[in-house]
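Hello,

I am handing over the structure below. My notes on what turned up in it follow.

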Amino acid sequence: MNNELKVGIVGAPRGAGFMAGFNAVTETKVVALCDTNREALERSAERYGIERRYTDYEQMLDSDVDIIVIATPMPLHAPMAMAALNAGKHVLSEVTAATDLKQCWQLAQAVKSSGRKYMMAENYCYMKPNVLVKALARRGLFGTLYFGEGEYIHDVKDLNRQTPWRRVWQTGRNGCTYPTHSLGPVLQWFNAARGENEEVIKVERVSCFGSGRHYQDWRGVNFDHDDLTLMLCQLNTGGLVKIRLDMLSDRPHNLAYYTLQGTKGCYEAQRGLGDQPKIWLADFHKPNEWHALSELEEEFMPAMWRNPPEEAVRAGHGGGDYFEVRDFVDSILHDTQPPIDVFTALDFTVPGLVSEESINRGGVPLPVPDFRTMQRFPDDLPDELKNSRIVEVNLPLVFCQGRIDGLEKGGQGSRRAEGVRQEPHSPTGQASLDGTVVTHL
Ligand SMILES: NC(=O)c1ccc[n+]([C@@H]2O[C@H](COP(=O)([O-])OP(=O)(O)OC[C@H]3O[C@@H](n4cnc5c(N)ncnc54)[C@H](O)[C@@H]3O)[C@@H](O)[C@H]2O)c1
């Protein structure tokens with residue numbers, strides 16, 4: 001089968017990051033690109049030789065593409081995924097899966113009723129060290145797992161100005177608003193180690209605290225998000241996971257720090273400056289003696305990472321942008337469950353939504369709803385969440401005509417986000433965020 005699955009991508013800037021992956025998978029061909037920003041659309045389409053170009057998503061859905069890749073701002077992921085599923089397309093969606101509980105419920109229903117494949121593109125799960133740790137966990141080499149950590153430390157203050165939707169949906173809300181890169185790999189490790197007939201391991205309760213607010217955006221306005229947030233996740237096994245999200249501190253970044261602790265072993269990712277991922281496994285190593293994770297590569301590395309195609313190594317996010325595409329396409333070709341299906345995507349996403357309610361209520365532990373078992377919405381939500389803000393979040397969607405070049409770091413108030421425009425389909429555009437034009441979905 002060559003180039004038989006036709007792919008359409010929506011959201012040109014990040015969407016381009018999927019090109020290497022789809023080009024390397026011989027069964028697919030990217031035939032269409034969609035973006036409401038004509039300049040961004042033409043730039044990416046020219047660069048990758050994509051002939052069919054759309055500024056209207058509905059029109060791309062009406063075409064004969066088999067797969068839709070969603071790389072638009074976060075609040076559009078679930079609505080666009082549902083529209084694509086309803087149009088009979090398979091969906092690969094950027095993170096996070098959804099931005100409120102109602103979207104989560106509707107997305108899960110849409111996937112179930114469509115019979116199509118949905119996968120969340122959580123690329124950090126596919127990074128080389130994370131894949132190896134998962135293989136070791138699957139063999140039981142960590143024993144019983146009971147603690148893990150994930151950290152995403154990435155100063156996105158400038159990116160907030162370039163992509164103002166982030167200023168509303170990531171740093172205009174508090175809590176762990178971008179959790180999947182950290183929580184995803186850790187939850188995958190816990191689940192790799194569980195027995196075949198055991199219940200899926202997921203977060204049962206979260207408690208979230210923040211460090212206060214010490215930074216301002218480009219207008220000199222305080223972020224609505226704490227500099228860093230800590231989300232404590234109690235698992236249904238009794239285990240504990242700590243997630244640190246820092247999108248605002250002035251400091252070098254570290255996007256992929258993790259730890260894992262079990263009764264027979266532990267793991268720590270690299271911190272930087274020559275450090276390397278390190279591991280101790282009781283079955284292999286002397287007590288109190290770190291070893292390089294790479295020592296276990298030859299024996300335990302899964303086939304996918306042994307001889308990856310050249311394109312895989314070149315793809316972004318440590319190869320993750322290729323392997324997630326490969327796995328997703330395989331699930332379509334073999335009619336199997338995608339590895340990060342809708343419920344797994346919600347396992348990675350929903351704790352972050354609940355963390356917002358927790359941090360706004362002083363860190364109180366709150367239950368995380370399970371959309372696998374939910375029959376009615378919102379009736380089956382835990383009582384503590386039924387009237388919470390996270391059930392349905394109606395924030396404006398802020399657009400920007402392409403990225404703004406030449407930002408002065410820390411520049412305040414002097415320059416508005418240029419070219420921000422009103423979304424053409426919206427009837428309810430209004431001015432906000434320093435006079436930029438915004439719309440409600
Ligand atoms: N997994 C990762 O490693 C990773 C990395 C970067 C970004 N992302 C995710 O990718 C998504 C996009 O991020 P970005 O930085 O590229 O944002 P961006 O704002 O630069 O790009 C979004 C694009 O979507 C377009 N768009 C908005 N509404 C549209 C509509 N209705 N129809 C068609 N096009 C529309 C915009 O014009 C814009 O070009 C976000 O969800 C982000 O979280 C993930």
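At which residue does H14 bend, and by about how many degrees? The bend is at Phe348 and comes to about 30°. A proline, Pro351, follows within four residues. Please keep in mind that this is a predicted model.

More on H14. The helix covers residues 342-360. At 1.5 Å a residue, its 19 residues should span 27 Å, and the end C-alpha atoms are 27 Å apart, so expectation and model agree. Of those 19 residues, 18 are buried, so H14 is largely enclosed by the rest of the structure. After the helix comes Gly362, with a positive phi near 80°.

Next, the core. The largest nonpolar core has 117 residues. Ala81 and Leu107 have the most contacts inside it. H14 gives the most to this core, with 9 residues. Domain 1 (5-123) and domain 2 (124-306) both give residues to this core, so the core lies between them.

Then the ligand. It is surrounded by 22 residues. The closest are Gly11, Pro13, Arg14, Asn37 and Thr163. By type, the shell divides into 12 nonpolar, 7 polar and 3 charged residues. Two helices, H1 (12-15) and H5 (74-86), each supply at least two residues of the shell. H1 gives the most, with 3 residues.

Best wishes

Technical notes:
Residues numbered from 1 in each chain as written. Predicted model: local features only at pLDDT ≥ 70, side-chain atom pairs only at ≥ 80, totals over all residues. Near = placed C-beta within 6 Å. Nonpolar A, V, L, I, M, F, W, Y, C, P; charged D, E, K, R; others polar. Expected span 1.5 Å × (residues − 1). Bend = angle between axes of the 7 residues up to and from the residue. Buried ≥ 20, exposed ≤ 12 C-beta atoms within 10 Å, placed from the backbone. Core = buried A, V, L, I, M, F, W, Y, C linked by C-beta atoms within 7 Å. Domains from an automatic or database assignment.
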